[in-house]
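Work through the exercises below with the structure open. Each task is followed by a solution in steps.

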Amino acid sequence: MDSNVPGLSQVILRKLNMRNYEEYRAALDGNKATPDFGIRTYFEMFQKMEDTFKFCVECKKLPENLSDPRSLRRCKRCQNVYYCSSECQRANWPIHKKFCKKLQLAATDRLVEWLVFTGDIPFPTEHWEKPVTEVTGWNDWFSMQDSLQEKLDNIMTGRYMNILWANAGKPRPEEKDLLESVKRLMSDFLSRPLTIGFGLKAFNVDPYAGPITVHVVGASHIETLNTRVTDYDELAQMFPGNQGIEVVMVGPEVVDGPLMRPPLAAFGPRGRVYLSSYRGLYHVFWETLVESKQAARPNLVVGFHPGFHASQGLTEGWLPTLLLLRDYNLPTIFTVYNEQELKYSLQILAELEACILSHGPNPFASLKLDQVQSDPNKPPVHSNAYQIQFLGLAGVEQDEDMQDLDEEA
Ligand SMILES: [Zn+2]
Ligand SMILES: [Zn+2]
């Protein structure tokens with residue numbers, strides 16, 4: 001594979017091979033010959049990415065099941081979904097018209113995401129000039145960035161932005177639409193560190209009082225693949241002059257990379273963010289490293305889309321972790337994609353008698369639109385859209401209620 005094309009292997013991994021991720025990891029670990037994707041140019045890379053979206057959205061036929069694979073036509077408005085025939089397109093329009101506009105944004109976002117791999121996004125950010133409590137969302141965040149227009153212009157006119165649209169096989173959107181996409185990708189990149197910052201604030205953890213440790217539980221390739229050690233630096237901008245913030249990624253699917261360095265036992269580097277990781281289940285990490293004081297106890301635990309609401313596998317996967325978080329009174333914040341996941345996750349936490357302190361929309365949800373790939377005619381989702389905060393057992397209030405009942409009786 002041509003390693004001179006920035007982000008090539010990364011894009012392929014993220015966009016094409018998630019289904020075969022285990023196979024790919026085995027290859028990376030040297031268990032198998034590295035698969036050769038046979039991609040040599042930017043144009044081929046963007047074609048390969050687009051191929052995964054090529055099926056008739058009405059009858060679900062794949063190109064290989066058509067007499068002429070080239071007869072698959074793209075919706076001209078959104079440049080996103082495909083049809084095998086005008087009959088299918090007509091039949092699909094009543095439902096597709098509800099999502100066409102948003103799918104156009106999603107199609108732009110998934111191309112512009114490449115600029116994260118090339119390093120154009122994020123642009124360099126500023127120390128927060130406002131107290132964290134006064135920054136209530138992305139508008140406030142963008143308003144704190146000096147020379148915002150200039151920074152955005154640099155991305156818009158950059159080398160890779162031009163390479164992107166010369167090779168994407170789709171027309172370059174209007175400048176204002178493209179600019180909005182760049183901002184959405186900025187929010188997507190920063191959503192995780194800012195959600196952590198939001199959690200620190202919510203639990204009154206003070207990064208100026210001493211070094212703090214954050215555990216990211218259930219971390220997988222999504223959090224760790226191609227993550228750079230600087231990717232959570234926005235936390236240091238949020239709390240300039242902090243006493244040191246360590247973020248430890250913990251999960252059985254943590255991927256080898258620059259983050260694969262052991263957690264710190266004590267003080268983090270002052271004023272900075274230190275990323276480390278541990279590959280394994282959280283309760284194993286706790287027993288082997290935290291209990292033995294080789295890793296610091298967390299001031300906050302974060303789970304990005306833990307997915308325990310999909311209750312299958314709860315017992316072997318998440319249950320020991322959830323019980324540990326509850327029983328050790330660890331301040332915890334989880335994010336989910338949508339209201340339904342929020343509802344199911346709250347139900348499970350309630351069944352476990354966890355004390356839920358707060359839940360609702362996350363002010364630092366990603367603005368990037370992610371379509372449901374297998375069924376695009378659905379509302380696109382946003383990463384970290386909702387958040388849940390819980391702490392310990394929901395026992396205290398219950399005891400008081402019981403007392404009241406006793407007195408009445
Ligand atoms: Zn069709
Ligand atoms: Zn469309």
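**Ground rules and overall fold**

Of the contacts in the protein between residues at least 6 apart in sequence, 77% join residues at least 24 apart; two residues are in contact if their C-beta atoms, placed from the backbone, lie within 7 Å. This is a predicted model: local features need pLDDT of at least 70, side-chain atom pairs count only at pLDDT 80 or more, and totals for chains, interfaces and linings use all residues. Residues are numbered from 1 along each chain as its sequence is written, while chains are lettered from A and ligands numbered from 1 in the order in which they are written.

**Exercise 1. Take stock of the elements and the sheet.**

Step 1. Count the elements: the protein has 16 helices and 9 strands. Helices (H or I, at least four residues) and strands (E, at least two) are DSSP runs, numbered from the N terminus.

Step 2. Order the sheet. It is open, with 7 strands in the order S5-S4-S3-S6-S7-S9-S8 and mixed pairing. Two strands pair if DSSP finds at least two bridges between them.

Step 3. Find the edges. S5 (273–279) and S8 each have a single partner strand, so one side of each is left without a neighbour in the sheet.

Step 4. Add the twist, which averages 20° from one strand to the next. Axes are lines fitted to C-alpha atoms, for helices over the stretch in contact, and angles run from 0 to 180 degrees between N-to-C directions.

**Exercise 2. Describe the surroundings of strand S6.**

Step 1. Check burial: 5 of the 5 residues of S6 (residues 300–304) are buried. A residue is buried if 20 or more other C-beta atoms lie within 10 Å of its own, exposed if 12 or fewer, and partly exposed in between; C-beta atoms are placed from the backbone.

Step 2. Split the residues by direction. Leu-300, Val-302 and Phe-304 point one way, Val-301 and Gly-303 the other. In a regular strand the side chains alternate between the two faces of the sheet.

Step 3. Identify the partners. S3 (residues 212–217) pairs with S6 in the parallel sense over 3 bridges, with Val-216 opposite Val-302. S7 (residues 332–336) also pairs with S6 in the parallel sense, over 4 bridges; here Val-301 stands opposite Thr-332.

**Exercise 3. Locate the nonpolar cores.**

Step 1. Apply the definition: a nonpolar core is a set of buried Ala, Val, Leu, Ile, Met, Phe, Trp, Tyr and Cys residues joined through C-beta atoms within 7 Å.

Step 2. Take the largest core. It has 49 residues, and Val-214, Val-216, Leu-235, Val-247, Val-250, Val-273 and Val-302 have the most contacts inside it. Strand S4 (residues 245–251) gives the largest share, 5 residues.

Step 3. Look for another. A second, separate core of 24 residues includes Ile-155, Leu-194, Phe-198 and Ala-365.

**Exercise 4. Place helix H14.**

Step 1. Compare axes. H13 (residues 282–290) and H14 (residues 319–327) come within 8 Å and cross at roughly 55°. That makes H13 oblique to H14; angles under 35 degrees count as roughly parallel, over 145 as roughly antiparallel, 65 to 115 as roughly perpendicular and the rest as oblique.

Step 2. List the buried residues of H14: Thr-321, Leu-322, Leu-325 and Arg-326. They fall within an arc of 130°, so they line one face of the helix. The arc is that of the directions from the helix axis to the C-beta atoms.

Step 3. Name the cover, which includes S3, H13, S6, S7, S8 (354–361) and S9 (386–393).
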